[in-house]
Amino acid sequence: SLECPRVRGLRRFWRGMAKTQEQVERQGRAKMAQRKAYLRGKRQPAAAATDAELPPRQHWSRGDKWVVIDNRTSDFDCDLARWELRVEGLAGPPATRVLDKAAIEALCGGEQLFRCHIHCVTQCSVRVAHPFRGVSLARLVRALQPRPDWTWLLQHGQDGYLVPVPRAEVEAAEEAQGPFLAWGLRDEAAQRDLPLSFDQGVVRLVYPRLYGWKGCKWPCRLQFAVGDCSRCGFWEALGAHWRGRVDAEERFGDGDAQEGRQEAAASRSSSSSSSIGSRWRRAWARWALWAVGVLFRWELTRPLALRLQRGIARWHNRPAASEAARKDL
């Protein structure tokens, strides 16, 4: 039957308005059931064993996807067949050695398998289904014989990334939880070797007890250093923890996360009364700077605004007004 589109639209509108509350609730329940079924299909149940291995305040990544955070500013090539590692700070002679994959395997007595998961500082953990293929870093360090007074291992990546690791974490006594140098995975079900992709590092250092940023991807140089190198790394210079232990939640600052939160709460409670004066001073300074900005918009009071700005800058030990502003006088 021929019917005007406007009439059809009005009929649909009034038909929808005539729905009872029971029909609306029934439709809502049906949509919610569809949504839950969709999410249930997307969600992958985790095994109880891996849930027990999850550190505090961490969660598994969706679909076991790897968290890729790197410092790449330019494209480069990292081929395992042509990859070489330069090691500096050895007892020597020589004090510097350049090793490839075959030489590293010969020094460590062959390839090993390591089972662990990678925990990112962003509270996301990667469940690695296959064991890593590589060599123990502690065994490699003992075979290289570095200088006896070294305190830090500086790891340099091909992308310019730098991360320091203390000696105690490099020479971890627990072989199962100790660090290692990995260059692949082992699919035990299919009995075949899997390479690490470029985003996974091709060759990378893994510290099971530390957060993922401590393991350098695409390493090209290892340096055994002496002295305090706790703040020479890329993330350490920006405020990351110097060690980065997962079980202690050492993400930021110099101390434990729990201790830091307790100290911050104690300092806030103790300084709440004494900081009222400083709050008023900061509020007055903000208001004065706003007033200066308003006065700058008035050409007639520009000299007065410049004097006020210089006085506020002198009071806050800040640099004086710019040269361009001085010329206006």
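This is a short walk through the structure above, stop by stop, with something to select at each one.

**The whole chain**

Start with everything shown, and keep in mind that this is a predicted model. The protein has 329 residues, of which 36% count as buried. Colour by secondary structure to find 10 helices and 13 strands. Then switch on the surface: the accessible area is about 20,300 Å², and carbon and sulfur atoms hold 54% of that. Among contacts with a separation of 6 or more, 63% link residues that are 24 or more positions apart.

**A small open sheet**

Next, select residues 59-60, 118-119 and 124-126, which are strands S1, S5 and S6. Together these 3 strands form an open sheet with mixed pairing, in the order S1-S6-S5. S1 and S5 are the edge strands, each pairing on one side only. S1 runs parallel to S6, and 2 bridges join them. Show side chains here and you will see Trp 60 of this sheet standing opposite Ser 125 in S6.

**Arg 251**

Now select Arg 251, in the loop that runs from strand S13 (219-225) to helix H7 (257-271). Is Arg 251 buried or exposed? Its relative accessibility is 6%, so Arg 251 counts as buried. Two polar partners are worth drawing as dashed lines. A polar atom of the Arg 251 side chain lies 3.3 Å from the backbone oxygen of Val 121. The side chain of Tyr 211 makes a polar contact of 3.4 Å with that of Arg 251. Widen the selection to the residues that Arg 251 touches farther along the sequence, and you will pick up Pro 56, Arg 57 and Gln 58, together with Val 121, Gln 123, Tyr 211, Trp 213, Ala 240 and His 241.

**The nonpolar cores**

Nonpolar side chains tend to be buried together in soluble globular proteins. To see the largest nonpolar core here, which has 35 residues, begin with Ile 104, Leu 137, Leu 153, Val 170, Leu 181 and Tyr 207, the members with the most contacts inside it. Elements giving two or more residues to this core are strands S2 (84-88), S9 (162-166), S10 (180-187) and S13, plus helices H4 (101-108) and H5 (137-144). H5 gives the most, with 4 residues.

Centre the view on Leu 181. Beyond its sequence neighbours, the contacts of Leu 181 include Trp 83, Ile 104, Leu 137, Val 203, Leu 205 and Pro 219, as well as Arg 133 and Arg 204. A second, separate core has 12 residues, including Cys 116, Val 126, Leu 185 and Leu 196.

**The cysteines**

Stay with Cys 116 for a moment: at a relative accessible area of 10%, this residue is buried. Cys 216 is also worth selecting, and at 0% relative accessibility Cys 216 counts as buried. Why does Cys 216 form no bond with the closest cysteine sulfur? That sulfur, in Cys 220, is 7.3 Å away from the sulfur of Cys 216, which is too far for a bond. For the protein, the disulfide count comes to 0.

**Last stop: Phe 76**

Finally, select Phe 76, in the loop between S1 and S2. Which residues does Phe 76 touch beyond its sequence neighbours? They are Gln 158, Asp 159, Phe 198 and Trp 218. Try a distance label to Gln 158: 82 residues separate Phe 76 and Gln 158 in sequence, while their C-alpha atoms are 7.6 Å apart in space.

Technical notes. Residues are numbered from 1 along each chain as its sequence is written. This is a predicted model: local features need pLDDT of at least 70, side-chain atom pairs count only at pLDDT 80 or more; totals for chains, interfaces and linings use all residues. Side-chain values use heavy atoms; hydrogens and water are left out. Two strands pair if DSSP finds at least two bridges between them. Buried means under 20% relative accessible area, exposed over 50%, partly exposed in between (1.4 Å probe, protein chains only). A polar contact is a pair of N or O atoms within 3.5 Å; within protein, one must be able to donate a hydrogen and the other to accept it, and residues adjacent in sequence count only if both atoms are side-chain atoms. Contact means heavy atoms within 4.5 Å. A nonpolar core is a set of buried Ala, Val, Leu, Ile, Met, Phe, Trp, Tyr and Cys residues joined through side-chain atoms within 4.5 Å. Accessible areas come from the Shrake-Rupley method with a 1.4 Å probe; for residues, only the protein chains shown count as cover. A disulfide is a pair of cysteine sulfur atoms within 2.5 Å. Lists of a residue's contacts leave out its neighbours within four places in sequence.
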